[in-house]
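Work through the exercises below with the sequence and the model at hand. Each task is followed by a solution in steps.

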Amino acid sequence: MPRYDFRCRSCGATFELRRAMAQANDPAVCPEGHTDTVKLLSTVAVTGGAAAAASMPSAGGGGGGCCGGGCCR
């Protein structure tokens, strides 16, 4: 089940809730009982081992540009 981060506007507490995606935007109550909360933008980290990074192709020497392939230089 996905995890969503929230911040309470009343007390400033940051907390997380696990809930179904269909309930992602439902109101949340902070651990102190306040209802004035806002859902935070979550970041997703995708990691791989050194073997995964080494196997990725590098076009034109890599680096630069919007896609990292050197096409936008």
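**Starting point.** Phe6 is buried, with a relative accessible area of 3%; buried means under 20% relative accessible area, exposed over 50%, and partly exposed in between (1.4 Å probe, protein chains only). The model is predicted, so local features need pLDDT of at least 70 and side-chain atom pairs count only at pLDDT 80 or more, while totals for chains, interfaces and linings use all residues. Residues are numbered from 1 along each chain as its sequence is written, and side-chain values use heavy atoms, with hydrogens and water left out.

**Exercise 1. Find the aromatic pair in the structure and classify it.**

Step 1. Apply the rule: rings of Phe, Tyr and Trp (its six-membered ring) pair if their centres lie within 6.5 Å; planes under 30 degrees apart count as stacked, over 60 as edge-to-face and the rest as tilted.

Step 2. Searching the whole structure gives 1 aromatic pair. The ring centres of Phe6 and Phe15 are 5.7 Å apart and the planes stand at 15 degrees, so this pair is stacked.

Step 3. Check the burial of the partner: Phe15 is buried, at a relative accessible area of 9%.

**Exercise 2. List the residues of the largest nonpolar core.**

Step 1. A nonpolar core is a set of buried Ala, Val, Leu, Ile, Met, Phe, Trp, Tyr and Cys residues joined through side-chain atoms within 4.5 Å.

Step 2. The largest such core has 7 residues: Tyr4, Phe6, Cys8, Phe15, Ala24, Ala28 and Cys30. Strand β1 (residues 3–8) contributes the most, namely 3 residues.

Step 3. Look at the surroundings of Phe15. Neighbours within four places in sequence left aside, Phe15 has contacts (heavy atoms within 4.5 Å) that include Tyr4, Phe6, Cys8, Ala28 and Cys30. Asp5, Arg7, Val29, Pro31 and Thr37 are also in contact with Phe15.

Step 4. Set this against the total for the protein chain: buried residues make up 15% of its 73 residues.

**Exercise 3. Describe the strand order and pairing of the sheet.**

Step 1. Take the elements from DSSP runs, numbered from the N terminus: helices are H or I, at least four residues, and strands are E, at least two. The protein chain has 1 helix and 3 strands, in the pattern β-β-β-α along the sequence.

Step 2. Two strands pair if DSSP finds at least two bridges between them. β1 and β2 pair in the antiparallel sense over 5 bridges, and Tyr4 stands opposite Leu17 in β2. β1 and β3 also run antiparallel, joined by 3 bridges; here Cys8 stands opposite Thr37 and Arg7 opposite Val38.

Step 3. The result is an open sheet of 3 strands in the order β2-β1-β3. β2 and β3 are the edge strands, each pairing on one side only.

Step 4. Inspect the connection between β1 and β2. These strands form a hairpin with 5 residues between them, and Gly12 in the turn has a positive phi of about 85 degrees.

**Exercise 4. Find the 3 salt bridges and state which parts of the chain they join.**

Step 1. Side chains of opposite charge can pair when their charged atoms come close. The cut-off for a salt bridge is a side-chain nitrogen of Lys or Arg within 4 Å of a carboxyl oxygen of Asp or Glu. By this rule the count is 3.

Step 2. Start at Arg3. Its closest N and O atoms to Asp5 are 3.9 Å apart. Arg3 is partly exposed, at 43% relative accessible area, whereas Asp5 is buried, at 18%.

Step 3. Arg3 also meets Glu16 in a salt bridge, at 3.5 Å from N to O. Glu16 lies in strand β2 (residues 14–18) and Arg3 in strand β1, so the pair ties together parts that are 13 residues apart in sequence. Arg3, Asp5 and Glu16 are thus linked in a network of salt bridges.

Step 4. The remaining pair is Arg9 and Asp36, with the closest N and O atoms 3.6 Å apart. Arg9 lies in the loop between β1 and β2 and Asp36 in the loop between β2 and β3 (37–39), so this salt bridge ties together parts that are 27 residues apart in sequence. Arg9 is exposed, at 57% relative accessible area, and Asp36 is partly exposed, at 35%.
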